[in-house]
Each structure stands twice: as C-alpha cells, then as structure tokens.
Amino acid sequence: MHVELGCRQKGVHSHTITEIYVILKGHCEGYDGNGDLHHAGPMDCIYIPVGVPHAVRNSGTEELELLWIHDGVEKKGLSTYYYSEEETPKVGGVQVVKFADVEPDWSSPKASQAPYLHWLVSFVAGGKKEYVNFNPRNAIINSNIAMGLLCIYPGNKQLPHALPGTQCYVVMKGEGLLTEKGKKGGRMQALTGAWVKGGVVHAIRNLGTEPLWVMWMHERLIKREAIKYEEE
Ligand SMILES: [Fe+2]
C-alpha cells in the first residue's frame, strides 16, 4: 500500500480476517474504532485483529509504503467501510511490534558463520512452545500463520532448507537470488515475491552490497524441527 505525503485513508474499515502490515518506507499514524492511536516506522509491524476498524495516515516526511498480508482469504465484499464516527463500531485492539523491540535470532544452523550470515525475527507466531518463533519475547500469537523478517548479509546466503508447507517471501530492500534445488535461480529485488512449495529445498543468496531484507510468511504454523536443512 502506498500513501502519499500528507494523505490518509478515507474513513475506517474492518475485515473478516487478521490484517498485518510491515512498514517499508516512511511513518504512519494508525487509528482504530475507539479512536486510539498507534505509530509505526520502517520495519515495524502493525497487527489488526478480525473486526477491528482501522486506517492509517502518512505522518512522516516522505511517501508511506507498507506491505500487507492476511492470515486467511477474505471473500470479496466482506470488508466493511465506515465513513462517520457514529456508525463505526467502538472496537480497538490494534497491536504494534516495533523493530527496535525485537532481538535478532541467530540460532538457525550455521547462521552465525560465513558464508551463511543471516538472522531472523518473528512478528507473528503460533502460541505453542514447539512452533517456530524467532521472537518469544513479543511476537503476536496467531493460530493460522507465522511471519517475520529475514536479514542476509552481503556475500552470504541461507543454508538450503525445506518446510512442510508453502512459504512466501517478499523482498523489502536489496537484491537476492532464490534457488530451488536442481533449478536455475531467480533474481529478487524490492517487492519481488516468491512462493516456495512445501518440501522444496531452497536458499536465498544476497547478491548486493547492502543487507538483504526479506519478509517471510508460513501459510500454516510449523514446528521448529520440521524445517529440514541440507549441508552443501
Ligand atoms: Fe485493511
């Protein structure tokens, strides 16, 4: 989503699924049905539960760009729009996970050794202990999906791995190469998205001179030991 400098979304609206934003660029002020305000900037995550009226305005000094994902598929016509305070349900509950409050997780195999230098964080994770959660301190609990950020250092890559379910990647900043085992790699740059099917061994390499920032999402919750790593 793109919001021009000085602009805002009209009214507020709510969904029948959970909506999650990650800020790519700029700053926003968000509001809910109670009129409570929240603020987010680059790499911060905003979590909007089912049924909570919400909208944002650009509160920064440049364009506002954010990625949004849903924890399910919302059928057309099920979003509800409200254009006056009287008709807006008085419901709040928007949560923000600030990037600055999240500690990087370096515990993936070889992640702290060149040429595999990378770390992960979770913004949203399953509640049970066995589920993947790279941020037990303040990840938001959701029973459908897990998502967060991946940062790969220049000249480094992930250890090839496979998940039991489909995974989605969207590049936020930098340039990378996503390779599925036995196939020619695909180049990725800002806003390139990729789906990797369950069971497919794959890895992302940073091709650029800056850190590569990627948003990741698992279509369903998985256990940590279900991620299978392959030595090269
Ligand atoms: Fe929305």
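## A strand and its partners

Let's start in the middle of the fold: strands β11 and β13 pair in the antiparallel sense, with six bridges between them. Two strands count as paired if DSSP finds at least two bridges between them. The strands themselves are DSSP runs of E with at least two residues, while helices are runs of H or I with at least four residues, and the numbering goes from the N terminus. Within this pair, W119 has C151 of β13 as its bridge partner.

What you are looking at is a predicted model, in which local features need pLDDT of at least 70, side-chain atom pairs count only at pLDDT 80 or more, and totals for chains, interfaces and linings use all residues. Residues are numbered from 1 along each chain as its sequence is written.

β13 (residues 146–152) also runs antiparallel to β20 (residues 212–218), joined to it by seven bridges. You can follow this ladder by eye: A146 has H218 of β20 as its bridge partner, and I152 stands opposite L212. Is β13 covered or open? It is mostly covered, since seven of its seven residues are buried. Here, buried means that 20 or more other C-beta atoms lie within 10 Å of a residue's own, exposed means 12 or fewer, and partly exposed is in between, with C-beta atoms placed from the backbone.

## Two open sheets

Strands of a sheet pair through backbone hydrogen bonds, either parallel or antiparallel. The strands just described belong to an open sheet of six, in the order β12-β11-β13-β20-β15-β18, with mixed pairing. At its edges are β12 (140–141) and β18 (193–196), each of which pairs on one side only.

An open sheet of five strands is also present, with antiparallel pairing and the order β1-β8-β3-β6-β10. Its edge strands are β1 (2–3) and β10, again pairing on one side only. Two bridges hold β1 and β8 together in the antiparallel sense, and H2 has E65 of β8 as its bridge partner.

## A hairpin

Now look at β4 (residues 28–32) and β5 (residues 37–40), an antiparallel pair with four bridges. G30 is matched with H38 of β5 as its bridge partner. These two strands form a hairpin with four residues between them, and G35 in the turn has a positive phi of about 85°.

## Two domains and where they touch

How is the protein divided? There is a domain 1 (2–97) and a domain 2 (102–229), with bounds that come from an automatic or database domain assignment. Their centres, taken over C-alpha atoms, are 25 Å apart. The contact involves 13 residues of domain 1 and 14 residues of domain 2, where two residues are in contact if their C-beta atoms, placed from the backbone, lie within 7 Å.

On the domain 1 side, β3 (19–25), β6 (45–48), β8 (64–70) and β10 (95–97) each supply at least two residues. The largest share, three residues, comes from β3. By class, this side has nine nonpolar, three polar and one charged residues. In this count Ala, Val, Leu, Ile, Met, Phe, Trp, Tyr, Cys and Pro are nonpolar, Asp, Glu, Lys and Arg are charged, and the others, Gly among them, are polar.

## A shared core

In soluble globular proteins, nonpolar side chains tend to be buried together. The largest nonpolar core here has 49 residues, and those with the most contacts inside it are I23, C45, V124, M147, L149, V214 and M215. Such a core is a set of buried Ala, Val, Leu, Ile, Met, Phe, Trp, Tyr and Cys residues joined through C-beta atoms within 7 Å. Elements giving two or more residues to this core include β3, β11 (118–125), β13 and β20. Why does the core lie between domain 1 and domain 2? Both domains give residues to it, so it lies between them.

M147 is a good residue to click on: leaving out residues up to four places away in sequence, M147 touches I20, I69, F123, V124, M215, W216 and M217.

## The whole protein

Taken as a whole, the protein has zero helices and 21 strands. Its C-alpha atoms fill a box of roughly 60 × 35 × 35 Å along the principal axes. Buried residues make up 35% of the 232 residues.

For contrast, visit G77, in the loop between β8 and β9 (80–82). G77 counts as exposed because it has 6 C-beta neighbours inside 10 Å. The C-alpha atoms of G77 and A162 are separated by 36 Å, and these residues are 85 residues apart along the chain.
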